[in-house]
Amino acid sequence: MQEISLVSFSGVFALRDGVSEKEFLPRLHAFFQHFIDMGFATGYRVMRREALDGFGKTLPAFTYRGELVYPDLEREHAAYEYVKQHGEQVNSLHVAMNSLVKPDADFFLETRIA
């Protein structure tokens, strides 16, 4: 039986001072949902980091992790190229979301291996 490939594009970040989750989350949801509506992604999740006593000391400082799930690398790469084109709709969603995030956010791509 052939297994469906899964790819996750994740970002770790913190909100700018004075920005609440209530203010930020609708913008993040709108941005992620756009990728689903465009047929690139299949889902997403947003996680808040919870500290574990004695662990995580070597991790960068972040409060949240957003994950956008793609069925394969081809669609993730196509979505990335789509963002790079700075089209009006995706750019406005991206700016609205990113304006509430501290500039030291970082991103990574993961592919399922098992």
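A charge counts as sitting over a ring if NZ of Lys or CZ of Arg is within 6 Å of the ring centre and within 35 degrees of the ring normal. With that in mind I looked up Arg49, and I note that Arg49 lies over the face of Phe62, at 4.4 Å from the ring centre. I keep in mind throughout these entries that the model is a predicted one.

**Entry: the chain as a whole**

I began the survey with the secondary structure and listed three helices and four strands, which follow the pattern β-α-β-β-α-α-β when the chain is read along its sequence. I then took the extent of the C-alpha trace, which spans about 40 × 40 × 20 Å along its principal axes. Of the 114 residues, 32% count as buried, and the chain exposes about 7,800 Å², of which carbon and sulfur atoms supply 56%. I also looked at how far apart in sequence the contacting residues are: among contacts with a separation of 6 or more, 78% are between residues 24 or more positions apart.

**Entry: the nonpolar core**

Which residues touch the most other members of the largest nonpolar core? I found that this core holds 21 residues, and that Leu15, Phe24, Phe31, Phe35 and Tyr70 are the ones that touch the most other members. The elements that give two or more residues to the core are β1, α1, β3 (64-70), α2 and α3 (88-98), and α1 gives the most, with five residues. As a general point I wrote beside this that nonpolar side chains tend to be buried together in soluble globular proteins.

I followed Leu15 further and, leaving out residues up to four places away in sequence, found that Leu15 touches Ser20, Glu21, Phe24, Tyr64, Leu100, Val101 and Lys102.

**Entry: aromatic rings**

I searched the whole structure for aromatic pairs and found nine. The pair I examined is Phe40 with Tyr82, which is tilted, with 5.3 Å from centre to centre and 40° between the planes. This pair links distant parts of the chain, with Phe40 in the loop between α1 (21-37) and β2 (43-48) and Tyr82 in helix α2 (residues 73-84), 42 residues apart. Are these two residues buried or exposed? I noted both Phe40 and Tyr82 as buried. I also noted that Phe40 and Tyr82 belong to one aromatic cluster, together with Phe31, Phe32, Phe35 and Tyr44.

**Entry: Ser8 and Gly66**

I turned to Ser8, which has its place in strand β1 (residues 7-13). With a relative accessible area of 11%, Ser8 falls under the 20% limit and is therefore buried. I found a polar contact of 2.6 Å that joins the side chains of Ser8 and Glu67. Not counting residues up to four places away in sequence, Ser8 touches Glu67, Leu68, Val69, Phe108, Leu109 and Glu110.

Gly66 lies in strand β3, and its C-alpha atom is separated by 9.6 Å from that of Ser8, although the two residues are 58 residues apart along the chain. Why does Gly66 count as buried? The reason is that its relative accessibility is 3%, where buried means under 20%. With residues up to four places away in sequence set aside, I listed Phe9, Ser10, Gly11, Phe13, Phe32, Arg45 and Val46 as the residues that Gly66 touches.

**Entry: Arg65**

Arg65 is also a residue of strand β3, and I found that its side chain makes a polar contact of 3.3 Å with the side chain of Ser10. Leaving aside neighbours within four places in sequence, Arg65 is in contact with Ser10, Gly11, Val12, Phe13, Arg45, Val46, Met47 and Phe108.

**Entry: Tyr80 and His86**

Tyr80 is found in helix α2, and I recorded its relative accessible area as 45%, so Tyr80 counts as partly exposed. The C-alpha atoms of Tyr80 and Phe9 are separated by 9.8 Å, with their positions 71 residues apart along the chain.

I closed with His86, which sits in the loop between α2 and α3. What is the phi of His86 near? I read a value near 55°, which is positive in a residue other than glycine. Most residues other than glycine have a negative phi. His86 has a relative accessible area of 54%, so I entered His86 as exposed.

Key
Residues numbered from 1 in each chain as written. Predicted model: local features only at pLDDT ≥ 70, side-chain atom pairs only at ≥ 80, totals over all residues. Heavy atoms only, no water. Phe/Tyr/Trp six-rings, centres within 6.5 Å; stacked < 30°, edge-to-face > 60°. Buried < 20%, exposed > 50% of the residue type's maximum accessible area, 1.4 Å probe, protein only. Polar contact = N/O pair within 3.5 Å; in protein donor to acceptor, adjacent residues only side chain to side chain. Contact = heavy atoms within 4.5 Å. Areas by Shrake-Rupley, 256 points an atom, 1.4 Å probe, with all protein chains shown as cover. Core = buried A, V, L, I, M, F, W, Y, C linked by side-chain atoms within 4.5 Å.
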